[in-house]
Structure formats: C-alpha cells, structure tokens
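Me: Hello! I'd like to take a close look at one part of this protein, the way its helices pack against each other. Could you walk me through it in one go?

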Amino acid sequence: MLAAVDPESGEKLDDENMIFQMVTFLIAGHETTSATLSFAIEFLLHNPDVLKQAREVVDSVLGTETPRFEHLQHLKYIEQILMETLRLWPPAPAFTVRANKDTLLAGKYEVTSREDIIILIPSLHRDPKVWGDAPDKFDPDRFATEQAEKLPPNAWKPFGNCARACIGRPFAMQEAQLVLSMLLQRFDF
Ligand code: HEM
C-alpha cells in the first residue's frame, strides 16, 4: 500500500488514508481471521480423520518448505477446512439488509423499505434444505469442487452480502490458509 500507485490517476495513498487502512486491518481483519483459525483448530481436534488428512496434504505439498503463493492452489483441502469452519462458526455472525421497496418475500413475509432485516449467518448456514440432515456435522468435503458447485447461490455468506461484502476476503483466506498449513506442518495439537 505504501508503494502502490493508481495506474490511471497516478495517485498514491496519503498519510491520513494510510492510517485509515491500518485501523481497518486491525479492526476488520485481525479478530475475524484469528477467530476463524481458532475455530478451525477446535474442529480439527474433534475430527481426527480430517486432521490426519490435512497433515497428509500439508506434508506432501510443503514437506519442510516455507509455503509460498504457488503452493496455495495445491492446499485446497486446507481451504475446504476453513470454508467449513466459516460455515459453522462465522466470526462476523450477522449482516443487515433493507429492501429497496415494500416487498412480499417468498409469497408470505411482508417487508417494508423502512425495516432492517438482520441475517443470522449461523442459521442460514444450517438450513437442512441445503446442508442435509446433519447440518451441524463438520465435513470439509462439502466444499470439494464437485459438491461446492451444486450449492445454491447465497447458501454460504460468511463474508457478507453483495456490494458491501468483505473487501478483505481473498487476503483473509490466503492468510488463514498459509497460517493453518504452517501450524499443521510444525505442531502436534
Ligand atoms: C475470515 C476473515 C473475515 C471475515 C469472516 C469477514 C467478514 C466480513 C463481513 C461479514 C462483512 C460485511 C459486514 C456487513 O455487511 O455488515 C465484512 C466487511 C468488511 N471487511 Fe471483512 N471479514 C474478514 C476479514 C477481513 C480482512 C482481512 C479485512 C481487511 C484487511 C476486512 C475488511 C473488511 C471491510 C473494509 C469491510 C467493509 C466493506 C464495505 O462495506 O464495503 N475483512 N467482513
């Protein structure tokens, strides 16, 4: 960010903007990612088969190397563990929306444009119509490519909604994938 220049305007971030960015990182970007990692480790401890598979993936992809960006695509199973963790315990557990105009939702819920609707993400993420009879079960295979492609849009929203969705999502996922891989590489839990 210190070095980046807008390719069109040639502008750089001034000092005040840089301070805003640092505060954003601290507030929006620290607790969320660290909570995700804490929950992921808790889930791994309760699911030894998943933990075993995760270590096998990390050992075969990384060995003793320090992970680099190129490794990430081969650590897909670690990403699946994080996505399943974010499904069950999203660290930012709600977001709010408001209808553009008075609306009848699903033919039965009257919603006015003056009301806020709070979406509780842990409930959304446990809908048996989407996640089956055991929605509380921790199962990273739900996010294996073939199964993930069958999920309806909007079934998984730990990063919020639409235009106001999390701008830090790719950064957070990369950071968490790297950290969890390195923890699995170096520590017994
Ligand atoms: C696992 C990690 C993260 C989760 C689960 C998460 C979740 C969310 C959610 C749910 C929202 C929408 C809030 C709403 O609509 O009320 C949001 C917005 C936002 N997040 Fe994240 N976040 C994460 C990491 C980060 C990181 C690493 C950064 C920055 C470095 C970041 C910066 C932001 C910002 C700036 C917004 C507001 C975007 C806007 O309104 O345009 N987040 N995040």
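To start with, how are helix 3 and helix 8 oriented to each other: roughly parallel or roughly perpendicular?

Reply: Happy to, with the reminder that this is a predicted model. Helix 3 and helix 8 are roughly perpendicular to each other. Their axes cross at roughly 95° and come within 9 Å, and the range that counts as roughly perpendicular is 65 to 115 degrees. On the helix 3 side, the contact is made by A54, R55, V58 and L62, and they meet S181, L184 and Q185 of helix 8. Sorted by class, the residues of this contact are four nonpolar, two polar and one charged.

It helps to place that pair in the whole protein. There are eight helices and four strands, and from the N terminus the order is α-α-α-α-β-β-β-β-α-α-α-α. The C-alpha trace spans about 60 × 55 × 25 Å along its principal axes. Of the contacts with a separation of 6 or more, 67% join residues 24 or more positions apart.

Helix 3 (residues 48-62) also packs against helix 4 (76-88). Here the axes come within 9 Å and cross at roughly 145°. V50, Q53, A54 and V57 of helix 3 make this contact with Y77, I78 and I81 of helix 4. By class it has six nonpolar residues, one polar and no charged ones. Notice that A54 takes part here and also appears in the contact with helix 8.

Helix 4 has another partner in helix 2 (31-46). These two pack with their axes 9 Å apart, at an angle of about 100°, which makes helix 2 roughly perpendicular to helix 4. The residues that meet are T36, F39, A40 and F43 from helix 2 and I81, L82, T85 and L86 from helix 4. This contact has six nonpolar, two polar and no charged residues.

L82 is a good residue to zoom in on. Setting aside its neighbours within four places in sequence, L82 is in contact with T36, A40, M173, A176, Q177 and L180. T36 and A40 belong to helix 2, while M173, A176, Q177 and L180 fall in the stretch of helix 8 (169-186).

These pieces come together in the largest nonpolar core, which has 14 residues. Those that touch the most other members are A40, A54, I78, I81, L82 and L180. Helix 2, helix 3, helix 4 and helix 8 are the elements that give two or more residues to this core. In soluble globular proteins, nonpolar side chains tend to be buried together. Across the protein, 16% of the 189 residues count as buried.

Two of these helices also take part in the ligand site. Helix 2 and helix 8, along with helix 1 (15-29), each supply at least two residues of the shell around the ligand. Helix 1 gives the largest share, four residues. The shell has 21 residues, of which A28, G29, G160, C166 and G168 come nearest to the ligand. By class, twelve are nonpolar, eight polar and one charged.

For contrast, try K101, in the loop between strand 1 (94-97) and strand 2 (103-105). K101 counts as exposed because it has 7 C-beta neighbours inside 10 Å. K101 and W89 are twelve residues apart in sequence, and their C-alpha atoms are 32 Å apart in space.

Notes:
Residues numbered from 1 in each chain as written. Predicted model: local features only at pLDDT ≥ 70, side-chain atom pairs only at ≥ 80, totals over all residues. Near = placed C-beta within 6 Å. Nonpolar A, V, L, I, M, F, W, Y, C, P; charged D, E, K, R; others polar. Axes fitted to C-alpha atoms, helices over the stretch in contact; angles between N-to-C directions. Parallel < 35°, antiparallel > 145°, perpendicular 65-115°, else oblique. Contact = placed C-beta atoms within 7 Å. Buried ≥ 20, exposed ≤ 12 C-beta atoms within 10 Å, placed from the backbone. Core = buried A, V, L, I, M, F, W, Y, C linked by C-beta atoms within 7 Å.
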